Amino acid sequence: MLVPPGHKDLIPAIGYIRVSMMLEEKISPDIQRASIMDLARRRGYLIVDWVTDLDVSGRTFQRKIMKVIADVESGKARAILVWKYSRFGRNRTGNQLNLARVEKAGGELISATEEIDARTAVGKLTRGVLFELAAFESDRAGEQWSEAFQNRLARGLPPLGNAQFGYVRRGRVRHPLHHDRTLVAPEDGPERYEPDHASGTAGLFVQCYDRWIAERNFTRLAEWLNSMGARTTTGGKWRPDELKKVMDRGFAAGLIAVHHRDCRCDKPSTCRSKEYHPGAHEPLISPETWESYRKYRKISSSLPIRARRAVYPFSKLLKCGYCASTMYPQKVQHSGTRGWICSSVSRKKFYDAPQCGTRFVTMDSVELAVQQVLVEWLPQIEAGAALAAVGVPAAPMEDETAPILRRELERINRALERQTSLLIEEVIPVETYQPVRDRLQREKDEVLAQLAEIEEPVEPIDPMGCVPVIEGLVQEWDSLPADRLRNILAEVIDHVEVFRQDPATAWIVVHSVWGEQRRRDLPGRYSKWKEPEMIA
């Protein structure tokens, strides 16, 4: 029965439309809108807002539906109208959790083409079956996609078939109706990626790696690339973050980066846990260049953001030897002397935290002491002295360790699912759920880190490989800018501990990346330089 055109007795509702990325699900938004409007007229709902998710998968709830749920909880609407229940979502856990939020707030979810009374036992059962069918279809499509993914990976092709900067895709042509799809072109041979020397982007891509290894600054590199007229595969200008992602993929090195198989996060496209597979395309850069890039990227990414554009050569490298806090630059007001001070002083000021002490040391004295340590290391390393030998590497883990860790990962994932189910069923409150979830997530991160170490063991650093770096530091110290000097120092120095016992007694301990420690006394008001000592 149609409801007369009076808003007084109508139930406020929000119409939600979702169009999936799956080909068979691309139902026109107009069709969904017409069905929802017809439902509203027949059952007396007033649609106060329309929310549309275009080309979005129902397997995740990181979409506009979360705003719709929040509007129901705030009282803006009392119902969510969808074309089918599958439009709400295709994730079992997400469906239960978010539907429970809607119903707890006094709202309801109604399908325009699957009209059932979810207030009855039979209605709830029917709705649950429909949700399960939606999840099953999603799982089935996911398995088919996974098979296609693995097939392309085995053939050495990018699983998603994306355009790659510096390369031309052969064997495929643009779809005449869909700009984001391609068709097989048998006349052009099998699908493959060839270096794009004709446009010059292949050569520019090679220079990107050389320039970054020399400067280690993605901002300047992106500006240079834009000034050369190069554009992204979508035709836009390069941004530092986008250029970083493209270079980290290793496609120019003949590799294909995919999400790590043991990582169970729900953000594979942005997750940093990657594994590399050999590609069928011709590499543009040498394996040595790629390894150098990865080495320096690891050093750079471990630095705090502010330290990557350091104003001082030892930013974030100096640590208090007493409390392990980072040393921060400070200028003495009456004398203008610049030095380093333990950050616990500022913590005491702002957070009422325990204070370690001033531990002030001048910048000049620290720089001079570190330079002298570097000069002392050079002949000892080249001579192969025992003091410069590489530390004994950790014993390799046994072969059965990886399966044990994978079983542990499965246990943690099951525990997370179980805790989520208890929360949905209101067996436990949110206050109990959150600490357990956080603890399980920390355990999961630790297991994933151990798995990564097994598959990509860290090789002990050979001090002989640091000799050219140390020589360059000693020769070019005064001519290098602070941020460049900071990045090069990080290649040979892990950190420097600062000690000050009293105004006359201070020293530093320089920790090298290959495991050696060297002490050097700093001049105090009444002290003199002493011979360097080795830390046992």
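**View 1. An open sheet of three strands, β12-β13-β14, with antiparallel pairing**. In this predicted model, the strands of the sheet follow the order β12-β13-β14, and their pairing is antiparallel. The edge strands are β12, which covers residues 327-331, and β14, which covers residues 361-362, and each of them pairs on one side only. Between β12 and strand β13, which is made of residues 338-342, there are five bridges, and these two strands run antiparallel. For one place where the strands face each other, find Q330, which stands opposite G339 in β13. As a general point, the strands of a sheet pair through backbone hydrogen bonds, and the pairing can be either parallel or antiparallel.

**View 2. An open sheet of four strands with parallel pairing**. Here the order of the strands is β2-β1-β3-β4, which is not the order of their numbers along the chain. The edges of the sheet are taken by β2 (45-53) and β4 (108-111), and because each has a single partner strand, one side of each is left without a neighbour in the sheet. On average, and with direction ignored, neighbouring strands of this sheet are turned by 25° against each other. Strand β1, made of residues 11-18, is joined to β2 by eight bridges in the parallel sense. Within this pairing, I11 has Y45 in β2 as its bridge partner.

**View 3. D55 and A324, two loop residues with positive phi**. D55 has a phi of about 55°, which is positive although the residue is not a glycine, and its place in the chain is the loop between β2 and α2 (65-74). The relative accessibility of D55 is 37%, so this residue counts as partly exposed. A324, likewise a residue other than glycine, has a positive phi near 65°, and it is found in the loop between β11 (318-320) and β12. With a relative accessibility of 54%, A324 counts as exposed, because the cut-off for that class is over 50%.

**View 4. Helix α6 and the elements that its buried residues pack against**. Helix α6 runs over residues 201-215, and at 1.5 Å a residue its 15 residues should span 21 Å, which agrees with the 20 Å between its end C-alpha atoms. The buried residues in this helix are T201, A202, L204, F205, C208, Y209, W212 and I213. They pack against β8 (192-195), α7 (218-227), α8, α9 and α16 (482-492), so a reader can look for both helices and a strand around α6. Just after the helix comes R216, which takes a positive phi of about 55°.

**View 5. The packing of helix α8 against helix α9**. Helix α8, residues 240-248, and helix α9, residues 287-301, pack at an angle of about 130°, and their axes are 11 Å apart. The two helices are therefore described as oblique to each other. From α8, the residues K244, M247 and D248 take part in the contact, and they meet W290, Y293 and R297 from α9. When the residues of this contact are sorted by kind, three are nonpolar, none is polar and three are charged.

**View 6. V258 in strand β9 and the residues it touches**. V258 belongs to strand β9, which is made of residues 255-259. Is V258 buried or exposed? Its relative accessibility is 6%, and V258 therefore counts as buried, since the cut-off is under 20%. When residues up to four places away in sequence are not counted, V258 touches F149, L153, P159, S273, K274, E275 and H277. V258 and P158 are 100 residues apart in sequence, yet their C-alpha atoms are 8.8 Å apart in space.

**View 7. Helix α13 and its place in a chain of 536 residues**. Helix α13 is formed by residues 401-424, and at 1.5 Å a residue these 24 residues should span 34 Å, which agrees with the 35 Å between the end C-alpha atoms. The buried residues of α13 include T401, A402, L405, L409, I412 and N413, and further along the helix also A415, L416, Q419, T420, L423 and I424. In the protein chain as a whole there are 16 helices and 18 strands, and 41% of its 536 residues count as buried. Among the contacts between residues at least 6 apart in sequence, 62% join residues at least 24 apart.

Technical notes
Residues are numbered from 1 along each chain as its sequence is written. This is a predicted model: local features need pLDDT of at least 70, side-chain atom pairs count only at pLDDT 80 or more; totals for chains, interfaces and linings use all residues. Side-chain values use heavy atoms; hydrogens and water are left out. Two strands pair if DSSP finds at least two bridges between them. Axes are lines fitted to C-alpha atoms, for helices over the stretch in contact, and angles run from 0 to 180 degrees between N-to-C directions. The expected span of a helix is 1.5 Å times one less than its number of residues. Buried means under 20% relative accessible area, exposed over 50%, partly exposed in between (1.4 Å probe, protein chains only). Angles under 35 degrees count as roughly parallel, over 145 as roughly antiparallel, 65 to 115 as roughly perpendicular and the rest as oblique. Contact means heavy atoms within 4.5 Å. Ala, Val, Leu, Ile, Met, Phe, Trp, Tyr, Cys and Pro count as nonpolar, Asp, Glu, Lys and Arg as charged, and the others, Gly among them, as polar.
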